[in-house]
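Trainee: Got a minute to walk through this one with me? I have the viewer open.
Mentor: Sure, load it and ask away.

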Amino acid sequence: MSSAKTEIISLLSDVNREGISSVISYLHHSSYFTDHCHHHHRYEGGLAEHSLDVYYRMREMAPELNDESCRIVALLHDLCTSHLDGYNEVGHHHHGQRSVELLDTLGLELNEDERLAISKHMHHVPTEELNEHTLLWNCLHQCDSMSARI
């Protein structure tokens, strides 16, 4: 098992949330740990390594954010870019929203801030919208962008 896979499974196993076991099962059976990202981390295992990098960047940038929420949004924001028969047609929106819909299908209980962060992680948070409910989104967006540039 790769170190990224071991670490991601360990981080998610500590999440105390309805549906997390279904998500972990999906990760094991899907291409999540072998896939690459579309425009960066274009090598086998790149998706998992990118997601793990985003998590560590979020913890460094905003240690005050809830760690469980950071684990969920960082490690699962690009979930829909992985593949597994029976789940490939979930959602018909942009990939952030499709990841939310896939997590809903898997039964993961997301709070509204997590849902917003994952759904809109590709979009900059307008200054006038910065508030306590957009902090997670803002942090995920910035860390995802930084990770994509390495």
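Trainee: Let's start with Phe33. Buried or exposed?
Mentor: Phe33 counts as buried, because its relative accessibility is 11% and the cut-off for buried is under 20%. Keep in mind that this is a predicted model.

Trainee: Where is Phe33 placed?
Mentor: In the loop between helix 2, residues 20-29, and helix 3, residues 46-61.

Trainee: What about Phe33 and Lys5, how far apart are they?
Mentor: In sequence, 28 residues. In space, 6.3 Å from C-alpha to C-alpha.

Trainee: OK, aromatics. How many aromatic pairs are there?
Mentor: The count comes to two. Tyr32 and Phe33 make one of them: ring centres 5.0 Å apart, planes at 90 degrees, so the pair is edge-to-face.

Trainee: Why does that angle make it edge-to-face?
Mentor: Because planes over 60 degrees apart count as edge-to-face, and the Tyr32 and Phe33 planes are at 90.

Trainee: And Tyr32, buried or exposed?
Mentor: Buried, at 0% relative accessibility.

Trainee: What geometry do Tyr55 and Tyr56 have?
Mentor: Their ring centres are 5.1 Å apart. The planes are at 65 degrees, so Tyr55 and Tyr56 are edge-to-face as well.

Trainee: How do Tyr55 and Tyr56 count for burial?
Mentor: Tyr55 is buried, with a relative accessible area of 5%. Tyr56 counts as partly exposed, at 38%.

Trainee: Switching to the overall fold. How many helices and strands?
Mentor: Seven helices and zero strands. From the N terminus the order reads α-α-α-α-α-α-α.

Trainee: How much of the protein counts as buried?
Mentor: 51% of its 150 residues.

Trainee: And the accessible surface, what does that come to?
Mentor: About 7,500 Å². Carbon and sulfur atoms hold 48% of that surface.

Trainee: What share of the contacts is long in sequence terms?
Mentor: Take the contacts with a separation of 6 or more: 54% of them join residues 24 or more positions apart.

Trainee: Helix packing next. How do helix 6 and helix 7 pack?
Mentor: Helix 6 covers residues 112-119 and helix 7 covers residues 135-148. Their axes are 8 Å apart, at an angle of about 30 degrees. The two helices are therefore roughly parallel to each other.

Trainee: Is that crossing left-handed or right-handed?
Mentor: The crossing of helix 6 and helix 7 is right-handed.

Trainee: Which residues meet there?
Mentor: Helix 6 brings Asp113, Glu114, Leu116, Ala117 and Ile118. They meet Leu136, Trp137 and Leu140 in helix 7.

Trainee: At what angle do helix 3 and helix 4 cross?
Mentor: At roughly 145 degrees, with the axes coming within 8 Å. Helix 4 is residues 67-76. The crossing of helix 3 and helix 4 is right-handed.

Trainee: Which residues meet between helix 3 and helix 4?
Mentor: On helix 3, they are Ser51, Leu52, Val54, Tyr55, Met58 and Arg59. On helix 4, they are Asp67, Cys70, Arg71, Val73, Ala74 and Leu75. Note that Tyr55, which meets helix 4, is also in the aromatic pair with Tyr56.

Trainee: I have Cys143 picked now. Which helix is it in?
Mentor: Cys143 is found in helix 7. It is buried, at 0% relative accessibility.

Trainee: What does Cys143 contact?
Mentor: Val54, Arg57, Met58 and Met61, leaving aside neighbours within four places in sequence. Cys143 and Met58 are 85 residues apart along the chain, yet their C-alpha atoms are separated by 6.1 Å.

Trainee: Last one, His28. Where is it?
Mentor: His28 sits in helix 2. Its relative accessible area is 36%, so it is partly exposed.

Trainee: Which residues does His28 touch?
Mentor: Lys5, Ile9 and Phe33, not counting residues up to four places away in sequence. The C-alpha atoms of His28 and Ile9 are separated by 8.9 Å, with their positions 19 residues apart along the chain.

Trainee: And that takes me back to Phe33.
Mentor: Right. His28 touches Phe33, and Phe33 pairs with Tyr32.

Definitions and conventions: Residues numbered from 1 in each chain as written. Predicted model: local features only at pLDDT ≥ 70, side-chain atom pairs only at ≥ 80, totals over all residues. Heavy atoms only, no water. Helix = DSSP H or I, 4+ residues; strand = E, 2+ residues; numbered from the N terminus. Buried < 20%, exposed > 50% of the residue type's maximum accessible area, 1.4 Å probe, protein only. Contact = heavy atoms within 4.5 Å. Areas by Shrake-Rupley, 256 points an atom, 1.4 Å probe, with all protein chains shown as cover. Phe/Tyr/Trp six-rings, centres within 6.5 Å; stacked < 30°, edge-to-face > 60°. Axes fitted to C-alpha atoms, helices over the stretch in contact; angles between N-to-C directions. Parallel < 35°, antiparallel > 145°, perpendicular 65-115°, else oblique. Left-handed = near helix turned anticlockwise from the far one by under 90°.
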